[in-house]
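Visitor: I would like a close look at a single part of this model. Please take one residue and work outward from there.

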Amino acid sequence: MRNLVFDDIEIAHVEVAKRAARDFAAALAETQQFKAFEQTYEILSHDVAAQQALSAYRGKAESLRALLMLNAVSEAERAELERLKQDYLTRASVQAFAAAEAELTALCQQAAGMISAAIGLNYAASCGASCCG
Amino acid sequence: MPLPAAHPAVGDAMPKTENLPPELYEATDGLIQNLLASEPFLAYQQSRVQMKSNSQAQTLIERLSALQTELRRKQTNGSVTQADIEELRAVQAQVQANATLMAYASTQQDAVNFLREINQEISQLLGVDFATLAKQSTC
């Protein structure tokens, strides 16, 4: 780190900032939104039928990948792919997880927005999270 | 815990946070205070102020940005000339020779690296990447 002079400003040590980060994480983990996220994830990961539905959809999508890229999938194949997708998405455990994830995402965006506004850097973008996943 | 002298007014206006639970709001504020009081962020804010008050640096950045926009426009209709490229390179060289701009870029990168360390700390405890959860879906 280069030599810097910050008159009359107390500088926080890295470890102190990291402790504040852990305190933040602990506070987030205690929220109702995070607990619901964990709980619904647990239920989803143990829902065998949901995992099978996901696997069936992924298998079909993978088998059609080249044709999908060429936009050359038949109507029947496309309908079958959509049916498999809906089989997965309409399962109660999937919907519960998606709802919990959306709630947690909204909360995290709010907290990260507060950090970004204060520090003058976009938190999510700076940490490498692009909007396109 | 060292307390920063003041909460610098940087960046945009604070977003609405009325839905943050009080404990989370307090922890978020604590994290902000510590980030702002950290060496990478103090250096970044200092160089940012210097960059903003340096008219030559401002002019160079505006010139570079305008040239890049113009070049992108010309690329789309295939009208880029050798002179365009040389002009861009010349301005890029001036930017690289400008100590204020280089200090700004360097301290910003240090701040970003530090923020990534902080995010790793948060994510390790949560078991999920906080930055990914916090990203705004725009596409």
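Leaving aside neighbours within four places in sequence, which residues is Tyr123(A) in contact with?

Guide: A word on the source before the answer. This is a predicted model. Its scores are ipTM 0.80 and pTM 0.79.

Now to Tyr123(A). Beyond four places in sequence, its contacts in chain A are Ala112(A), Ile115(A) and Ser116(A). In chain B, Tyr123(A) is in contact with Leu115(B), Ala131(B) and Ala134(B). The list thus takes in residues of both chains.

Tyr123(A) also belongs to the largest nonpolar core. That core holds 49 residues. Phe24(A), Ile115(A) and Tyr123(A) touch the most other members. Helix 6 of chain A gives the most to this core, with 11 residues. Ile115(A) appears twice here: it is a contact of Tyr123(A), and it stands with Tyr123(A) among the three core members named above.

Stay with helix 6 of chain A, which covers residues 92–119. Thr105(A) is found there. Buried or exposed? Neither: Thr105(A) is partly exposed, because it has 18 C-beta neighbours inside 10 Å and the buried class starts at 20. Thr105(A) and Phe34(A) are 71 residues apart in sequence. In space, their C-alpha atoms are 9.4 Å apart.

Next, the partner across the chains. Helix 1 of chain B runs over residues 22–36. Its 15 residues reach 21 Å from first C-alpha to last, close to the 21 Å expected. Eight positions are buried: Leu24(B), Ala27(B), Thr28(B), Leu31(B), Ile32(B), Asn34(B), Leu35(B) and Leu36(B). An α-helix has 3.6 residues a turn, so residues three or four places apart point the same way. The buried residues of this helix pack against helix 1 (14–29) and helix 6 of chain A. They also pack against helix 2 (39–52) and helix 5 (99–126) of chain B. Helix 6 of chain A therefore comes up again, as a packing partner of helix 1 of chain B and as the main giver to the core.

Helix 5 of chain B holds Ala105(B). Ala105(B) is partly exposed, because 15 C-beta neighbours lie inside 10 Å. From Ala105(B) to Glu121(B) is 16 residues in sequence and 25 Å in space, C-alpha to C-alpha.

For contrast, take helix 4 of chain B, residues 82–97. It has 16 residues and reaches 23 Å, close to the 22 Å expected. The number of buried residues is 0, so helix 4 of chain B lies largely in the open. Helix 3 of chain B, residues 55–76, contains Glu70(B). With 14 other C-beta atoms within 10 Å, Glu70(B) is partly exposed. Glu70(B) and Asp84(B) are 14 residues apart along the chain. Their C-alpha atoms are separated by 9.1 Å.

One loop in chain A deserves a stop. Asn71(A) sits between helix 4 (65–69) and helix 5 (75–89) of chain A. Asn71(A) is exposed, because it has 6 C-beta neighbours inside 10 Å. Its phi is near 55°, a positive value in a residue other than glycine. Most residues other than glycine have a negative phi.

Now the setting. Chain A comes to 7 helices and 0 strands. Chain B has 6 helices and 0 strands. Of the 133 residues of chain A, 28% count as buried. For the 139 residues of chain B, the share is 24%. Among contacts in chain A with a separation of 6 or more, 70% are between residues 24 or more positions apart. In chain B, 71% of the contacts between residues at least 6 apart join residues at least 24 apart.

Last, confidence. Chain A has a mean pLDDT of 90, and 87% of its residues reach 70 or more. Within chain A, helix 4 is lowest, at a mean of 91. Helix 2 of chain A, residues 32–45, is highest, at 97. Chain B has a mean pLDDT of 87, with 85% of its residues at 70 or more. Over residues 1–15 of chain B, pLDDT stays under 50. For that stretch the model has 33 contacts beyond four places in sequence.

How values were computed: Residues numbered from 1 in each chain as written. Chains lettered and ligands numbered in written order. Predicted model: local features only at pLDDT ≥ 70, side-chain atom pairs only at ≥ 80, totals over all residues. Helix = DSSP H or I, 4+ residues; strand = E, 2+ residues; numbered from the N terminus. Buried ≥ 20, exposed ≤ 12 C-beta atoms within 10 Å, placed from the backbone. Contact = placed C-beta atoms within 7 Å. Expected span 1.5 Å × (residues − 1). Core = buried A, V, L, I, M, F, W, Y, C linked by C-beta atoms within 7 Å. pLDDT = per-residue confidence, 0-100.
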